[in-house]
Amino acid sequence: MIGISKLYCGTVEPSDALRYGRHSGALPSHLLQFSADKKPVVVWNVTRRCNLKCVHCYAHARNEHFPDELSTAEGKVVLDDLAQFGVPVVLFSGGEPLMRPDLVELADYAVGRGMRAVISTNGTLITPEVAEQLKRVGLSYVGISLDGLEEVNDRFRGVKGAFRKALDGIHACQAAGIKVGLRFTMNRLNVQEIPAIFDLLEEHDIPRVCFYHLVYAGRGSKLIEEDLSHEETRKAVDLIIDRTSDLHRRGKVKEVLTVDNHADGPYVYQRLVKEGSSRAADVLELLKMNEGNSSGRGIGCISWDGTVHADQFWRHESFGNVRERPFSQIWSDVSHPLMGKLKDKKQYVTGRCAACRWLDICAGNFRVRAEAAMGDLWAPDPACYLTDEEISQTL
């Protein structure tokens with residue numbers, strides 16, 4: 001994650017993270033990306049079932065029963081292990097996590113074991129009653145996926161009325177006092193909706209939004225031809241920066257992040273340098289703390305059937321199953337060739353990534369995207385939009 005509001009608008013300073021010793025267990029959630037120990041945030045896809053038909057779903061979710069999901073009892077054993085291992089956050093995802101009847105019970109258990117619990121949802125199943133239940137168990141955050149306003153979003157989601165129901169879910173969370181934010185996946189079919197998303201934030205007093213770059217996984221692999229070009233990506237990121245800055249100037253502070261393309265970090269820094277900003281040096285320090293892509297190190301995934309992955313997009317590669325041995329053991333076992341390399345992947349990337357001046361703060365970006373597009377997981381990430389001049393060591 002690249003915090004546009006944190007970096008460009010100065011809502012976070014390097015001293016903020018240093019004050020907590022940069023230990024993930026002590027850091028507030030808005031500083032977690034700057035932890036030094038990189039204990040993994042774990043995405044647990046608790047179910048593959050979903051009530052929508054999103055065209056870019058990385059999990060190939062469908063509205064049917066899948067018999068191999070971890071049981072409630074098995075899930076609590078997993079959560080016990082994650083807590084003992086020092087995992088700071090469990091992100092309950094799917095499919096649609098609210099289609100799992102015991103989601104509230106599992107979230108409650110995670111919070112009781114000292115972890116922060118958040119959910120990633122399409123929002124359509126969040127009634128006022130559900131929101132009150134989630135608030136009661138101490139859920140930290142609800143991220144609701146929208147890919148534009150009504151017409152565009154419903155086309156992406158494959159179900160008419162999804163936008164209105166998601167908006168109702170947002171309002172239910174707000175009424176219950178739960179922090180709620182938006183998740184938006186950028187591509188050529190909806191990039192024109194970015195200004196409308198910012199308007200939505202302001203109109204409905206939504207405090208947070210994450211703009212995701214497209215990852216070629218699951219049904220999202222079919223959208224590879226709809227991914228933004230490098231120039232289109234630069235324009236989109238500039239627009240996000242400009243709109244975020246405008247909100248801050250007007251005193252309407254929002255938390256705005258971009259996700260799944262760590263070229264955004266150097267891009268923000270270089271823009272600040274060009275503008276002569278006094279924040280540029282601080283931003284560079286924060287980017288060094290962030291350390292770039294952390295798949296297989298600072299973020300991991302447990303699938304509905306217990307298989308462990310480097311992140312939620314890398315489902316074709318498993319390191320083991322929590323039904324056979326604990327996540328903590330699987331995650332720490334570097335005898336698996338890929339796991340061992342992901343712990344310090346900077347020494348394995350090739351091409352322009354290997355020679356990039358930003359390698360230490362990008363960490364080679366998304367390996368799963370390079371593998372999907374290039375057939376080589378150590379090749380340069382094709383979504384990196386920085387020019388050869390911008391990455392040159394001679395600058």
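## The end of helix H16

Just after helix H16, Gly375 takes a positive phi of about 75°. The model is a predicted one, and this glycine is a good place to enter it.

Helix H16 spans residues 367-374, and its buried residues are Arg367, Val368, Arg369 and Ala370. What lies over them? The cover of these buried residues includes strand S7 (208-213) and helix H14 (351-354).

## The sheet

Strand S7 also belongs to an open sheet of ten strands. Their order is S1-S8-S7-S6-S5-S4-S3-S2-S9-S10, and the pairing is mixed. At the edges are strand S1 (2-3) and strand S10 (308-309), each of which pairs on one side only.

One pairing can be followed in detail. Strand S2 (residues 41-45) and strand S9 (residues 299-302) run parallel. Four bridges join S2 to S9. In one of these strand-to-strand links, Val41 has Ile299 of S9 as its bridge partner.

## Helix H10 and its two partners

Two packed helices are described by the angle between their axes and the distance between the axes. Helix H10 (residues 264-274) can be described this way twice, with H9 and with H11.

Take helix H9 (residues 230-249) to begin with. H9 and H10 pack at an angle of about 60°, and their axes are 11 Å apart. H9 passes H10 in a right-handed crossing. On the H9 side, the contact is made by Arg234, Val237, Asp238, Ile241 and Asp242. On the H10 side, Asp264, Tyr267, Val268 and Arg271 take part. By class, these residues are four nonpolar, five charged and no polar.

Now turn to helix H11 (residues 280-290). Its axis is 9 Å from that of H10, and the two helices pack at an angle of about 165°. An angle over 145 degrees counts as roughly antiparallel, so H10 and H11 are roughly antiparallel to each other. H10 passes H11 in a left-handed crossing. From H10, the residues in the contact are Gly265, Pro266, Tyr269, Leu272 and Val273. They meet Ala280, Val283, Leu284 and Leu287 in H11. This contact has eight nonpolar residues, one polar and no charged.

An α-helix has 3.6 residues a turn, so residues three or four places apart point the same way. The contact lists can be read with that in mind. H10 turns Tyr267, Val268 and Arg271, among others, to H9. To H11 it offers residues including Tyr269, Leu272 and Val273.

## Loops with unusual backbone

Which peptide bond is cis, the one from Gly94 to which residue? The bond runs from Gly94 to Gly95, with omega near 15°. Gly95 sits in the loop between strand S3 (89-93) and helix H4 (103-112).

Arg22 has a positive phi of about 60°, although it is not a glycine. Arg22 is placed in the loop between helix H2 (14-18) and S2. Is Arg22 buried or exposed? Its relative accessibility is 17%. Buried means under 20%, so Arg22 counts as buried.

Asp260 is another residue that is not a glycine and has a positive phi, here of about 75°. Asp260 is found in the loop between strand S8 (255-259) and H10. With a relative accessible area of 9%, Asp260 is buried.

Methods
Residues numbered from 1 in each chain as written. Predicted model: local features only at pLDDT ≥ 70, side-chain atom pairs only at ≥ 80, totals over all residues. Heavy atoms only, no water. Pairing = 2+ DSSP bridges. Axes fitted to C-alpha atoms, helices over the stretch in contact; angles between N-to-C directions. Left-handed = near helix turned anticlockwise from the far one by under 90°. Contact = heavy atoms within 4.5 Å. Nonpolar A, V, L, I, M, F, W, Y, C, P; charged D, E, K, R; others polar. Buried < 20%, exposed > 50% of the residue type's maximum accessible area, 1.4 Å probe, protein only. Parallel < 35°, antiparallel > 145°, perpendicular 65-115°, else oblique.
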